[in-house]
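Trainee: I would like to take a close look at one part of this structure and then see how the rest fits around it. Could you walk me through it slowly?

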Amino acid sequence: ERKKNAEKRKSFDEDNAKDDGEADSAARDAVRCLEHAMVVVAGEKTVYRAIVAPSLIQASDEDAIRISPFYRKACVAAYSHVVAAVVDRTMDIIETVFLKEGGIGQSSGSGAEKDKEGGSSTTGLSVRAAASAAAAGLRMLDGVRMLGPSLAKLCDMPIEEATDGEVMKPSAATMSVASTLCIAIHRTTVKNCAKTLENLAKAIQEDPTNGIKHRPPDARLASVTSDVVRAVRIISPFVSAYKSVTKRRALPWDPNIGEEAGEMDSYVRFLVMRLLNSLQGKALNYTKNAEDEGGQPRSNMFMINNTFYLLQQLAPKGNKERLTDVEVYHLDGDWFKEKVNNIFQSERGKYLAGWENINSHLTAVDSGGLEYQKNKNLLSLESGRMFKDRFKGFNDDFQRMYEIHHPLSVIDNGLRKELQIAVKDVFFKRYERFYEKYSRFRFSKKNQQDYLKYPPPKVDSMLTRMYGDNLTAMREDISSF
């Protein structure tokens with residue numbers, strides 16, 4: 001079973017990597033087509049200037065036949081027709097990438113297939129696919145933004161002539177079809193790019209709340225969290241392209257346009273807030289079954305894992321690290337660290353509070369009022385019951401808590417050790433003192449060892465093995481109960 005799951009996971013990762021590469025490769029190819037279009041148009045313009053343009057110069061001889069302005073316009077129109085076909089084809093290629101790899105026109109969601117582990121059936125873009133589409137759109141817009149003006153200039157051709165034989169610069173009224181198409185490429189790319197950004201935000205919002213991938217039973221990191229971190233990193237380099245979108249289009253997270261439009265950080269903040277809302281919805285689903293005692297701990301651990309991952313991946317780091325590792329994106333500003341860290345600390349506190357109940361059994365026993373049976377070594381039934389109730393209560397509660405918490409997963413080694421230490425701090429030292437003081441009393445004639453089956457070293461060893469993937473150790477511990 002574990003081998004099948006591993007193979008399924010490997011296949012899933014390979015498919016994702018393939019889809020990510022296709023979107024980025026298609027965007028790069030579209031930019032290369034734009035570059036190639038510039039080369040073709042530049043060549044056509046050179047041919048025009050070398051062959052056609054000389055025939056349009058009016059000779060100074062009075063007997064020379066005067067060149068008709070309609071002939072000049074016809075020559076320019078012929079040039080415009082040739083280069084317009086090139087520009088139009090380039091525009092088709094860019095729009096095709098948006099429609100195919102960019103997912104324009106598709107609804108956002110968790111994916112096209114039904115989640116076999118219990119997730120809802122949706123059709124559309126997953127968060128990962130939407131992120132790849134958004135990055136691809138920004139890459140194409142970056143290319144159009146930088147190469148478009150040069151291409152438009154190459155497509156321009158004056159159609160008027162001054163009286164002294166010099167050509168006049170083209171005006172807006174005399175722009176060729178090809179030049180108009182260049183402007184249309186930029187406008188269309190901006191519009192489609194804005195759509196891919198909206199699809200990414202919508203995909204995060206609509207990520208399913210059920211299913212192993214979306215809400216893991218062991219409360220480990222949700223796929224949407226790592227997908228959002230990846231999304232932030234692959235779109236963050238395109239700051240200028242993003243600004244080109246916000247200057248021209250009002251967006252749900254930034255209604256301003258022009259110079260008042262927000263920067264990339266405003267979009268990233270919107271994505272992070274959508275992610276936190278999605279995670280809280282998933283965490284709430286853990287607790288829907290009132291009869292499941294492990295629902296609340298799983299909910300807390302799920303939020304701990306995901307918020308910790310966000311802090312590790314996106315929280316601002318030291319300047320030295322940022323200078324030496326330019327490929328890693330970190331959010332500027334205190335809002336992110338403050339918001340996510342508050343959730344992390346709150347969920348951590350709630351999780352540890354669940355272990356406090358164990359301390360209710362570790363109360364002191366009045367040694368002065370103890371009564372012994374005739375042999376002076378064995379406590380009376382009444383006195384022995386005080387010890388039995390305390391040790392049995394601890395054993396039952398600890399066994400129940402361990403069965404609930406041991407299967408929970410914490411992938412990060414540092415966080416795992418920190419949580420293990422924090423759990424120990426709740427009750428372990430108190431239990432050590434309790435066990436050392438009261439285990440010396442003989443309070444049961446036949447079942448003394450059953451009540452003392454959790455000596456402190458064993459408890460310490462069991463707590464040290466929590467939150468890992470050691471299934472063998474878990475089976476051994478549970479079988480010993």
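Trainee: To begin, does Met301 count as buried or exposed?

Mentor: Happy to help! Please keep in mind that this is a predicted model. Met301 has a relative accessibility of 0%, and because the cut-off for buried is under 20%, Met301 counts as buried. You can find Met301 in helix 8, which covers residues 295–314.

Next, look at what surrounds Met301. Leaving out residues up to four places away in sequence, Met301 touches Ala219, Tyr351, Leu408, Ser409, Val410, Leu419 and Tyr467. Arg220 is also worth finding on your screen: Met301 and Arg220 are 81 residues apart in sequence, yet their C-alpha atoms are 7.6 Å apart in space. The chain as a whole has many contacts across long stretches of sequence: of the contacts between residues at least 6 apart, 75% join residues at least 24 apart.

Now let us step back to the whole chain. The chain has 15 helices and 0 strands, and 46% of its 481 residues are buried. The largest nonpolar core holds 127 residues, and the members that touch the most others are Leu200, Phe336, Trp355, Phe427 and Tyr467. You have met one of them already, since Tyr467 is among the residues that Met301 touches. The largest share of this core comes from helix 3, with 14 residues.

Leu200 makes a good second stop. Apart from neighbours within four places in sequence, Leu200 is in contact with Val127, Ala130, Ala131, Ala134, Ala231, Tyr267 and Leu271. Two of these partners, Tyr267 and Leu271, take part in the contact between helix 4 and helix 7. Helix 4 runs over residues 177–205 and helix 7 over residues 264–286; they pack at an angle of about 20°, and their axes are 8 Å apart. That angle is under 35 degrees, so helix 4 and helix 7 are roughly parallel. Their crossing is right-handed. On the helix 4 side, the contact is made by Leu197, Leu200, Ala201, Lys202, Ile204 and Gln205, while helix 7 brings Tyr267, Phe270, Leu271, Arg274, Leu275 and Ser278. Sorted by class, this contact has 8 nonpolar, 2 polar and 2 charged residues.

A different arrangement appears at helix 6. In helix 6 (residues 239–248), the residues Ala241, Tyr242, Lys243, Ser244, Val245 and Thr246 are buried, and the buried residues of this helix pack against helix 3, helix 4 and helix 7. Helix 3 and helix 6 pack at an angle of about 85°, with 8 Å between their axes. Since angles of 65 to 115 degrees count as roughly perpendicular, helix 3 and helix 6 are described that way. Here Leu138, Leu141, Asp142 and Arg145 of helix 3 meet Ser240, Ala241, Tyr242, Ser244 and Val245 of helix 6. By class, the contact has 5 nonpolar, 2 polar and 2 charged residues.

Let us finish with Thr246, which lies in helix 6. Thr246 is buried, with a relative accessible area of 1%. Beyond its neighbours within four places in sequence, Thr246 is in contact with Leu251, Asp254, Asn256, Ile257, Gly258, Ala261 and Gly262.

Definitions and conventions
Residues are numbered from 1 along each chain as its sequence is written. This is a predicted model: local features need pLDDT of at least 70, side-chain atom pairs count only at pLDDT 80 or more; totals for chains, interfaces and linings use all residues. Side-chain values use heavy atoms; hydrogens and water are left out. Axes are lines fitted to C-alpha atoms, for helices over the stretch in contact, and angles run from 0 to 180 degrees between N-to-C directions. Helices (H or I, at least four residues) and strands (E, at least two) are DSSP runs, numbered from the N terminus. Angles under 35 degrees count as roughly parallel, over 145 as roughly antiparallel, 65 to 115 as roughly perpendicular and the rest as oblique. A crossing is left-handed if the near helix is turned anticlockwise from the far one by less than a right angle, and right-handed if clockwise. Contact means heavy atoms within 4.5 Å. Ala, Val, Leu, Ile, Met, Phe, Trp, Tyr, Cys and Pro count as nonpolar, Asp, Glu, Lys and Arg as charged, and the others, Gly among them, as polar. Buried means under 20% relative accessible area, exposed over 50%, partly exposed in between (1.4 Å probe, protein chains only). A nonpolar core is a set of buried Ala, Val, Leu, Ile, Met, Phe, Trp, Tyr and Cys residues joined through side-chain atoms within 4.5 Å.
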